Amino acid sequence: MMSSRERKKAAALQEKLQILRSITHSHALSNTSILMDASKYIKELKQKVVRLNQEIACAQDALRQNRVTVETLRHGFLVNVFSGKSCPGLLVSILEAFDELGLSVLEATASCTDTFRLEAIGSENLMEKVDEHVVKQAVLRAIRSCSGSGGDHHDDDDDDDDE
């Protein structure tokens, strides 16, 4: 015969198993099946965590794909561009954006292998008032139009670097 203490322990264990059953959305009736369902549920949660971490890493990589910084110089701008992928015509597209803003490229270095890098010094055309933000937005538009990734929302991902 069970003592009062053993009955309380058994009742507490049953209550905890029912809570576990509820949390894990189990429809099992036996204690063993409830524990098996809980184990399966935990494995599924672990897989979800791994998937979400991968999605976060991919999203962070996407944010880092296009990086544009613009710094105002005495008579123009220093523009640094990094794109995680190079597409045909990207350099031309960016240079056309400079031209549309009335900026003449005084000096530039570019690399267009797997990734795209550009460092350019552009002189400001005094006819048009152009600031860092305008230049940055024009370069980002040129990158998006070339790579066809119009849905990106990271135009201002590094505004702190612009000061």
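His25 follows α1, and its phi is positive, near 55°. Helices (H or I, at least four residues) and strands (E, at least two) are DSSP runs, numbered from the N terminus.

This is a predicted model, in which local features need pLDDT of at least 70, side-chain atom pairs count only at pLDDT 80 or more, and totals for chains, interfaces and linings use all residues. Residues are numbered from 1 along each chain as its sequence is written, and side-chain values use heavy atoms, with hydrogens and water left out.

**Exercise 1. The overall layout**

Find the order of helices and strands along the chain.

Solution.
- Step 1: count the elements. The chain has four helices and four strands.
- Step 2: read along the sequence. The pattern is α-α-β-β-α-β-β-α.
- Step 3: look at contacts (heavy atoms within 4.5 Å). Take those between residues at least 6 apart in sequence: 54% of them join residues at least 24 apart.
- Step 4: turn to the surface. The accessible surface is about 11300 Å², with 55% belonging to carbon and sulfur atoms. Such areas come from the Shrake-Rupley method with a 1.4 Å probe; for residues, only the protein chains shown count as cover.
- Step 5: find the buried share. Buried means under 20% relative accessible area, exposed over 50%, partly exposed in between (1.4 Å probe, protein chains only). Of the 163 residues, 28% are buried.

**Exercise 2. Checking a helix**

Test the length of helix α1 against its residue count.

Solution.
- Step 1: take the rule. The expected span is 1.5 Å times one less than the number of residues.
- Step 2: apply the rule. Helix α1 covers residues 4–23, which is 20 residues, so 28 Å is expected.
- Step 3: compare. The end C-alpha atoms of α1 are 29 Å apart, which agrees.

**Exercise 3. The loop after α1**

Sort Thr24, His25 and Ser26 by exposure.

Solution.
- Step 1: place Thr24. Thr24 is in the loop between α1 and α2 (31–65). His25 is placed in the loop between α1 and α2, and Ser26 lies there too.
- Step 2: take Thr24. Its relative accessible area is 8%, so Thr24 is buried. Its side chain reaches the backbone oxygen of Arg21 at 3.5 Å. Beyond four places in sequence, Thr24 contacts Ala38 and Tyr41.
- Step 3: take His25. At 57% relative accessibility, His25 is exposed. Its positive phi occurs in a residue other than glycine.
- Step 4: take Ser26. At 7%, Ser26 is buried. Its side chain makes a polar contact of 2.5 Å with the side chain of Asp37. A polar contact is a pair of N or O atoms within 3.5 Å; within protein, one must be able to donate a hydrogen and the other to accept it, and residues adjacent in sequence count only if both atoms are side-chain atoms. Beyond four places in sequence, Ser26 touches Arg21, Ile34 and Asp37.
- Step 5: link to Asp37. The C-alpha atoms of Thr24 and Asp37 are 7.1 Å apart, with their positions 13 residues apart along the chain.

**Exercise 4. The nonpolar core**

Which elements give two or more residues to the largest core?

Solution.
- Step 1: define the set. A nonpolar core is a set of buried Ala, Val, Leu, Ile, Met, Phe, Trp, Tyr and Cys residues joined through side-chain atoms within 4.5 Å.
- Step 2: find its hubs. The largest core has 22 residues; Val79, Val81, Ile94, Phe98, Val135 and Val139 touch the most other members.
- Step 3: assign elements. β1 (66–73), β2 (76–83), α3 (90–100), β4 (116–123) and α4 (132–147) each give two or more residues. The largest share, six residues, is from α4.
- Step 4: follow Phe98. Beyond four places in sequence, Phe98 touches Val79, Leu103, Val105, Ala120, Val135 and Val139.
- Step 5: follow Val105. Val105 is in strand β3 (residues 104–111). Its relative accessible area is 34%, so Val105 is partly exposed.

**Exercise 5. Where to be careful**

Where does pLDDT stay under 50?

Solution.
- Step 1: start with the average. pLDDT is the predictor's confidence in each residue, from 0 to 100. The chain mean is 82, and 85% of residues reach 70 or more.
- Step 2: locate the stretch. Residues 149–163 stay under 50.
- Step 3: read with care. Where pLDDT is low, the predicted coordinates should not be read in detail.
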